[in-house]
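User: Hi! I've got a new model open and would love a hand reading it. Can we go through it together?
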Amino acid sequence: MFAALRRVDTRFTITMAEDCYDSKISHKDFDPDPVFQELITLTNQLFNLFKTELTPHQEAYMGSNMIEKAGSSSEITLKLCLAIFRGQEIPEEIEEQDQGYLLLKESLIHRNLPTDTSAVLRGRGEVVQHAKAAAFMIDQLCIRGQDLSEEILLEAHRILTYKVDAEITPWIEYSGVYRTDEVSAGLHAFPYHSLVPSKMTSMFRELKYDLKAATTSGMIDPVALASKYTHIFVNIHPFIDGNGRMCQLILNSMLLKFGTYVACIGVDRADRSIHEEIGVNRGVL
């Protein structure tokens, strides 16, 4: 396969890195060897598929907000994502009498979530901004051939959280900037906020080293690479809110860049349960 590193086309052989796979990631044993071979087959199929025009469902189905309990139904998400990925203008707000508003409200009712006007508009905003952030990341990494950088990450977070308030923090105070407060998940405390900038700098430095090593060897494991930096990122938890969604954006933009595929995590309830189980067991959710 080919991938762009620092605007230079680089030929890689996709290979399975040694000692990078945990065979007990959940309650069931997991053998990565046959799965990786399936992954290679899927990569070749998708590589050929991307040469042709995608169906609307294929074009929009890049991931899910459901694991973060954000956004709206898959049908509404699909419609909004299609419009955004095709470059159409999306109004920031909609009136209560609009059909789209009523569908959004109905979706919240089915999920036993608040249905006031602010909740409806927030759900819509989460979908729209997530799709815009995904389009930005894919454009920067996959189309323009940039490596993941601090500038790209901060801009993606700014897009993701635009006009989406955190639980107790207005969006204008945390969007596109590293946190200045302490955060934790259960009993797990993430790094002190003053350490976040240096830890993020170290993450990007290590990524450059890994990409240089891959270029030198001519071999790359997209799954191991994307998983590694998703894991580092989530354990730094650099933002007040949006860390989980940013994890999915990092994961999928890197998988798409180096492997021509994406990971649709949280599509159904069973997927979400496994994801939450792994996260809780490892202290990151």
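Analyst: Happy to! This is a predicted model. Let's begin with Asn243: leaving aside neighbours within four places in sequence, Asn243 is in contact with Phe233, His237 and Pro238.

User: Which helix is Asn243 in? And is Asn243 buried or exposed?
Analyst: Asn243 sits in helix H10. Asn243 counts as buried because its relative accessible area is 3%, and the cut-off for buried is under 20%.

User: His237 was among those contacts. What does UniProt place at His237?
Analyst: The UniProt record, an unreviewed entry, puts the feature "active site" at His237. Such annotations may be inferred rather than shown by experiment.

User: Good to know. Where is His237 found?
Analyst: Look at the loop between helix H9 (222-236) and helix H10 (243-259); His237 is in that loop.

User: It's in a loop, then. Why does His237 count as buried?
Analyst: His237 has a relative accessible area of 13%, and buried means under 20%, so His237 counts as buried.

User: What does the side chain of His237 reach?
Analyst: The His237 side chain reaches the backbone oxygen of Val234, at 2.8 Å.

User: And what about the phi of His237?
Analyst: Phi is near 50° there, so His237 has a positive value although it is a residue other than glycine. Most residues other than glycine have a negative phi.

User: Where else should I look for a positive phi?
Analyst: Try Lys163, which is not a glycine and has a positive phi of about 60°. Lys163 lies in the loop between helix H6 (150-160) and helix H7 (171-174). With 47% relative accessibility, Lys163 counts as partly exposed.

User: Back to H10. How do the axes of H5 and H10 cross?
Analyst: Helix H5 (residues 117-143) and H10 have axes that come within 9 Å and cross at roughly 35°. The crossing of H5 past H10 is right-handed. On the H5 side, the residues making the contact include His130, Met137 and Leu141; on the H10 side, Leu249, Ile250 and Met254 are among them.

User: Zooming out, how many helices and strands does the chain have?
Analyst: There are eleven helices and six strands in the chain. Of its 285 residues, 43% are buried.

User: What about the contacts between residues at least 6 apart in sequence?
Analyst: Of those contacts, 64% join residues at least 24 apart.

User: Last one: what area does the chain expose?
Analyst: The chain exposes about 15700 Å², and carbon and sulfur atoms supply 54% of that.

Conventions. Residues are numbered from 1 along each chain as its sequence is written. This is a predicted model: local features need pLDDT of at least 70, side-chain atom pairs count only at pLDDT 80 or more; totals for chains, interfaces and linings use all residues. Side-chain values use heavy atoms; hydrogens and water are left out. Helices (H or I, at least four residues) and strands (E, at least two) are DSSP runs, numbered from the N terminus. Buried means under 20% relative accessible area, exposed over 50%, partly exposed in between (1.4 Å probe, protein chains only). Contact means heavy atoms within 4.5 Å. Accessible areas come from the Shrake-Rupley method with a 1.4 Å probe; for residues, only the protein chains shown count as cover. A polar contact is a pair of N or O atoms within 3.5 Å; within protein, one must be able to donate a hydrogen and the other to accept it, and residues adjacent in sequence count only if both atoms are side-chain atoms. Axes are lines fitted to C-alpha atoms, for helices over the stretch in contact, and angles run from 0 to 180 degrees between N-to-C directions. A crossing is left-handed if the near helix is turned anticlockwise from the far one by less than a right angle, and right-handed if clockwise.
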